[in-house]
Amino acid sequence: FKGVKVIKKQAEANNENKAAGIQTSWFAFDLALVNYLDETKYAENKSLSNPAIGEPLSKFKMQLNNGKSTNINIWVVQQKYRFKNPAFYLKYGLGLEMFNFRYEYGINFRKNESMFIYLNDESYQKNKLFTSYLSAPVQFGYDFKLKNYKILGISGGLVTGYLFKSYNKQINRELGKEKYKSNFSLRDMRLAGVFEIRIDKLKFFGTASLQNMLDKMNTNQSLYPYSFGLRFSKF
């Protein structure tokens, strides 16, 4: 029995060593709904409340078609570092964050317009602003082991991203399909808070922008995107 005891102790030590250290996962993705907080002070900006084209922007306040605005993320690689106490971990990764803002009204994003964003009286079957970021999230988390051996985990941190693609796609019955490519007045860098809740294999996540998605050098508008959805990841 002494030999059995020695082997058992070694196996437990090996399991602890495997629990600590770095784990790597390839190709995970997120699927979420997206919206934004419109913090624009329309009453203080005459150019926004009384545009040269279309209805007053203050009436619409950049409203999205919320049921169709989505956020899809593809994480090429993720790593999780577990500390000596394996319940604590640090998770980081690299991938793409993609946002599809679907607008209910005739909101236009253009490269050569002095306002960059303006309204017209056209009606669109589809009006979408697409933005894509090369992003790197960093999260610190803790896993609780429940009595039924399932895991409840929480984590939070920051995600930073660089804007590398954006366009305004519109479909109109008379004009057909048009796509306008530019960075418009969008901010080059993205900084957002991120949280994750894990209930065994089911994972929920959310993000909230800490910066105006529009560059204040070019516009007086203030939009702060946020998203909430499901995460399909190994860890």
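Q: In this predicted model, buried means under 20% relative accessible area, exposed means over 50%, and partly exposed covers what lies in between. Which of these words applies to Leu31?
A: Leu31 lies in strand S1, and its relative accessible area is 45%. Since exposed needs over 50% and buried needs under 20%, a value of 45% puts Leu31 in the class in between, so the word for Leu31 is partly exposed.

Q: Which residues is Leu31 in contact with, leaving aside its neighbours within four places in sequence?
A: A contact here asks for heavy atoms within 4.5 Å. With its neighbours within four places in sequence left aside, the residues in contact with Leu31 are Asn71, Ile72, Phe205, Gly229, Leu230 and Phe232.

Q: What distance separates the C-alpha atoms of Leu31 and Lys61?
A: Along the chain, Leu31 and Lys61 are 30 residues apart. In space, the separation of their C-alpha atoms is 26 Å.

Q: Phe27 and Met62 each have a phi of about 55 degrees; which of the two is buried?
A: Most residues other than glycine have a negative phi. Phe27, in strand S1 (residues 21-38), has a positive value all the same, and so does Met62, which sits in the loop between helix H3 (57-60) and strand S2 (70-82). Phe27 has a relative accessible area of 61%, which makes it exposed. For Met62 the relative accessible area is 0%, and because buried means under 20%, the buried residue is Met62.

Q: What order do the helices and strands of the protein follow from the N terminus on?
A: The protein has three helices and eleven strands. Writing α for a helix and β for a strand, the elements run from the N terminus as α-β-α-α-β-β-β-β-β-β-β-β-β-β.

Q: What radius of gyration does the protein have, set against that of a compact globule of 235 residues?
A: The C-alpha trace spans about 90 × 35 × 30 Å along its principal axes, and 42% of the 235 residues count as buried. A compact globule of 235 residues would have a radius of gyration near 18 Å, but the value for the protein is 23 Å.

Q: What share of the contacts between residues at least 6 apart in sequence join residues at least 24 apart?
A: The count takes in contacts in the protein between residues at least 6 apart in sequence. Of these, the share that joins residues at least 24 apart is 69%.

Q: Which strand gives the most to the lining of the largest cavity?
A: Rolling a probe the size of a water molecule over the atoms shows where empty space is left. The structure holds three cavities of 30 Å³ or more, and the largest has a volume of about 100 Å³. Its lining has 13 residues, with Tyr133, Arg190, Ser209, Met213 and Pro225 nearest the centre, and they divide into seven nonpolar, four polar and two charged. Strands S3 (88-102), S6 (126-145) and S9 (189-199) each supply at least two of the lining residues, and the one that gives the most, with three residues, is S9.

Q: Over which residues does pLDDT stay under 50?
A: The mean pLDDT of the protein is 88, and 91% of its residues reach 70 or more. One stretch for which the model has zero contacts beyond four places in sequence stays under 50, and that stretch is residues 9-18.

How values were computed
Residues numbered from 1 in each chain as written. Predicted model: local features only at pLDDT ≥ 70, side-chain atom pairs only at ≥ 80, totals over all residues. Heavy atoms only, no water. 1 Å grid on protein atoms, 1.4 Å probe; cavity = no way out; pocket = protein on both sides within 12 Å on 5 of 7 lines; lining within 4 Å. Points joined across faces, edges and corners; volume = space filled by probe spheres on them. Helix = DSSP H or I, 4+ residues; strand = E, 2+ residues; numbered from the N terminus. Nonpolar A, V, L, I, M, F, W, Y, C, P; charged D, E, K, R; others polar. pLDDT = per-residue confidence, 0-100. Buried < 20%, exposed > 50% of the residue type's maximum accessible area, 1.4 Å probe, protein only. Rg over C-alpha atoms; globule rule 2.2 N^0.38 Å.
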